[in-house]
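Reader: Hello! I would love a close look at one part of this protein, and I am happy to read a long answer.

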Amino acid sequence: MSETTTTKDIVELLLEDHETAKALLTKISAAAPEQREALFWELVPELVRHEVAEEVVVYPTIRSEAPDGEREVEPRLHEQQEAEELLDQMEGLDRSSAEFGAKLAKLQAGVLEHAHAEEQNILPLLRALEVTKKRVELGARYERAKSAAPTHPHPNAPDTPPGNKVLGPITGLFDKTRDALKGM
Ligand SMILES: [Fe+2]
């Protein structure tokens, strides 16, 4: 515990992340198309770091320590997977297009639903876990995981040849982040 960088417990940190993501999504939805690019690339690393840090720190704890944990984790992972796919699709779309707007609305609804479900189902399990010390330890691990995550996707990566485009930059970023946080 000597290198603890936070005194916040995991519940507070997750609530903060949810507020940050919701605020950014609201901002992008209201933004003029020319402002969307910068905001989009602000949102992407936020969601990536939250999702992957949750995958490596929070969900395994819920699975192993909460009764029926697996049942709560599966749908949450599924929601995060959907957000990842939407971001990946949005990346290639004109920011001023109706299609981008439609995907953004879908992402926003999905993130709201995910945050709500986590607050209803995951946070009570975390609160019930153990004494506060345990939640602070988890909070510290979660923050360490988030800060170790690569934060810069490459929005201007050169085009991959057609037919060769297996991974979009965002999927690549998720994978890179998963690799970087493995075992944290
Ligand atoms: Fe989440």
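In which helix is the place of Leu25? Please start there and then walk me through the packing around that residue.

Author: Happy to. One note before we begin: this is a predicted model. Leu25 has its place in helix α1, and with a relative accessibility of 1% it counts as buried, because the cut-off for buried is under 20%. Setting aside neighbours within four places in sequence, Leu25 is in contact with Leu43, Leu104, Leu107, Gln108 and Val111. One of these partners, Val111, is 86 residues away from Leu25 in sequence, yet their C-alpha atoms are 8.9 Å apart in space.

Let us step back for a moment to see the chain as a whole. The chain has six helices and zero strands, in the order α-α-α-α-α-α along the sequence. Of its 184 residues, 44% count as buried. Contacts such as the one between Leu25 and Val111 fit into a wider pattern: among contacts between residues at least 6 apart in sequence, 78% join residues at least 24 apart.

Now follow Leu25 to its partner Leu107. Leaving out neighbours within four places in sequence, Leu107 is in contact with Leu25, Leu43, Ala83, Leu86, Leu87 and Met90. Leu107 also stands out in the largest nonpolar core, which has 47 residues: Val58, Leu87, Leu107 and Leu126 touch the most other members. The helices α1 (10-30), α2, α3, α4, α5 (132-148) and α6 (169-181) each supply at least two residues of this core, and α2 gives the largest share, 14 residues. In soluble globular proteins, nonpolar side chains tend to be buried together.

The next piece of the picture is how α2, α3 and α4 pack on one another. Take α2 (residues 33-65) and α4 (residues 98-129) to begin with: their axes come within 12 Å and cross at roughly 30 degrees. That angle makes α2 roughly parallel to α4, and the crossing is left-handed. On the α2 side, the residues that meet α4 include Phe40, Leu43, Val58 and Ile62, while the α4 side includes Leu104, Leu107, Ile122 and Leu126. By class, this contact has twelve nonpolar, four polar and four charged residues.

Turn next to α3 (residues 69-91), which packs against α4 at an angle of about 160 degrees, with the axes 10 Å apart. α3 is therefore roughly antiparallel to α4, and α3 passes α4 in a left-handed crossing. Among the α3 residues in this contact are Gln80, Ala83, Leu86, Leu87 and Met90, and among those of α4 are Leu104, Leu107, His114 and Glu118. The contact divides into ten nonpolar, four polar and six charged residues.

That leaves α2 against α3. Their axes come within 11 Å and cross at roughly 160 degrees, so α2 and α3 are roughly antiparallel to each other. This crossing is left-handed. Phe40, Leu43, His50, Glu54 and Tyr59 are among the α2 residues here, and they are met from α3 by a set including Leu77, Gln80, Ala83, Leu87 and Met90. The contact of α2 with α3 has twelve nonpolar, three polar and eight charged residues.

Gln80 deserves a look of its own. Its place is in helix α3, and at 2% relative accessibility Gln80 counts as buried. Apart from neighbours within four places in sequence, Gln80 is in contact with His50, Glu51, Glu54, Glu55, Tyr59, His114 and Glu118. Of these, His50, Glu54 and Tyr59 are listed among the α2 residues that meet α3, and His114 and Glu118 belong to the α4 side of the contact with α3.

Two further places round off the tour. In the loop between α2 and α3 you will find Asp68, which has a positive phi of about 65 degrees although it is not a glycine. Most residues other than glycine have a negative phi. At 48% relative accessibility, Asp68 counts as partly exposed. Gln35, in helix α2, is likewise partly exposed, with a relative accessible area of 45%. The C-alpha atoms of Gln35 and Ser96 are separated by 9.8 Å, although the two residues are 61 apart along the chain.

To come back to your starting point: Leu25 is buried, and through Leu107 you reach Ala83, Leu86, Leu87 and Met90, which are part of the contact of α3 with α4.

Technical notes:
Residues are numbered from 1 along each chain as its sequence is written. This is a predicted model: local features need pLDDT of at least 70, side-chain atom pairs count only at pLDDT 80 or more; totals for chains, interfaces and linings use all residues. Side-chain values use heavy atoms; hydrogens and water are left out. Axes are lines fitted to C-alpha atoms, for helices over the stretch in contact, and angles run from 0 to 180 degrees between N-to-C directions. Helices (H or I, at least four residues) and strands (E, at least two) are DSSP runs, numbered from the N terminus. Angles under 35 degrees count as roughly parallel, over 145 as roughly antiparallel, 65 to 115 as roughly perpendicular and the rest as oblique. A crossing is left-handed if the near helix is turned anticlockwise from the far one by less than a right angle, and right-handed if clockwise. Contact means heavy atoms within 4.5 Å. Ala, Val, Leu, Ile, Met, Phe, Trp, Tyr, Cys and Pro count as nonpolar, Asp, Glu, Lys and Arg as charged, and the others, Gly among them, as polar. A nonpolar core is a set of buried Ala, Val, Leu, Ile, Met, Phe, Trp, Tyr and Cys residues joined through side-chain atoms within 4.5 Å. Buried means under 20% relative accessible area, exposed over 50%, partly exposed in between (1.4 Å probe, protein chains only).
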